[in-house]
Amino acid sequence: QVQLVESGGGLVQAGASLRLSCTASGRTVSSPVMGWFRQAPGKEREFVARIIWANGATYYADSVKGRLTISRDVAKNTMYLQMNSLKPEDTAVYYCATGGWGVAPSNYQYWGQGTQVTVSS
């Protein structure tokens with residue numbers, strides 16, 4: 001089993017920055033990919049970014065390229081999402097996930113509880 005705990009969400013104004021964290025515990029060795037997803041009200045959960053734990057290789061959704069940066073701290077078993085130049089359309093519950101691959105949420109087995117990000121205009 002893998003446990004994921006997110007933190008760092010909040011209410012900010014457009015243009016501001018936030019950093020989300022996701023700390024993993026449990027059998028993380030078998031989970032080489034970790035990712036961030038988000039779900040806005042009334043919309044389906046969508047892929048944001050993912051990182052390969054072993055080498056730090058990253059991949060982003062087109063909608064966030066250049067504004068959001070995914071990273072990890074191997075020693076702390078923690079993944080981050082640095083969010084800059086936030087827009088109202090970034091408002092969503094942000095989830096971290098692992099035990100999967102690619103961009104489809106259905107591919108991932110383990111999920112955190114989510115952290116709310118609200119961006120006001």
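Two strands count as paired if DSSP finds at least two bridges between them, and strands themselves are DSSP runs (E, at least two residues), numbered from the N terminus. The model is predicted, so local features need pLDDT of at least 70 and side-chain atom pairs count only at pLDDT 80 or more, while totals for chains, interfaces and linings use all residues. Residues are numbered from 1 along each chain as its sequence is written, and side-chain values use heavy atoms, with hydrogens and water left out.

An open sheet of 4 strands follows the order β1-β3-β8-β7 with antiparallel pairing. Because β1 and β7 stand at the edges with a single partner strand each, one side of each has no neighbour in the sheet. Within the sheet, β3 and β8 run antiparallel and are joined by 6 bridges; Thr 23 stands opposite Thr 78 in β8.

A disulfide (cysteine sulfur atoms within 2.5 Å) is formed by Cys 22 and Cys 96, with their sulfur atoms 2.1 Å apart. Cys 22 lies in strand β3 and Cys 96 in strand β9, 74 residues apart. The link is right-handed, with 65 degrees about the S-S bond. Both cysteines are tabulated below; buried means under 20% relative accessible area (1.4 Å probe, protein chains only).

| Residue | Relative accessibility | Class |
|---|---|---|
| Cys 22 | 0% | buried |
| Cys 96 | 0% | buried |

The largest nonpolar core (buried Ala, Val, Leu, Ile, Met, Phe, Trp, Tyr and Cys residues joined through side-chain atoms within 4.5 Å) has 34 residues, of which Trp 36, Met 79 and Leu 81 touch the most other members. Strands that each supply at least two residues of this core include β3 (18–26), β8 (78–83) and β9 (92–98).

Terms used: Buried < 20%, exposed > 50% of the residue type's maximum accessible area, 1.4 Å probe, protein only.
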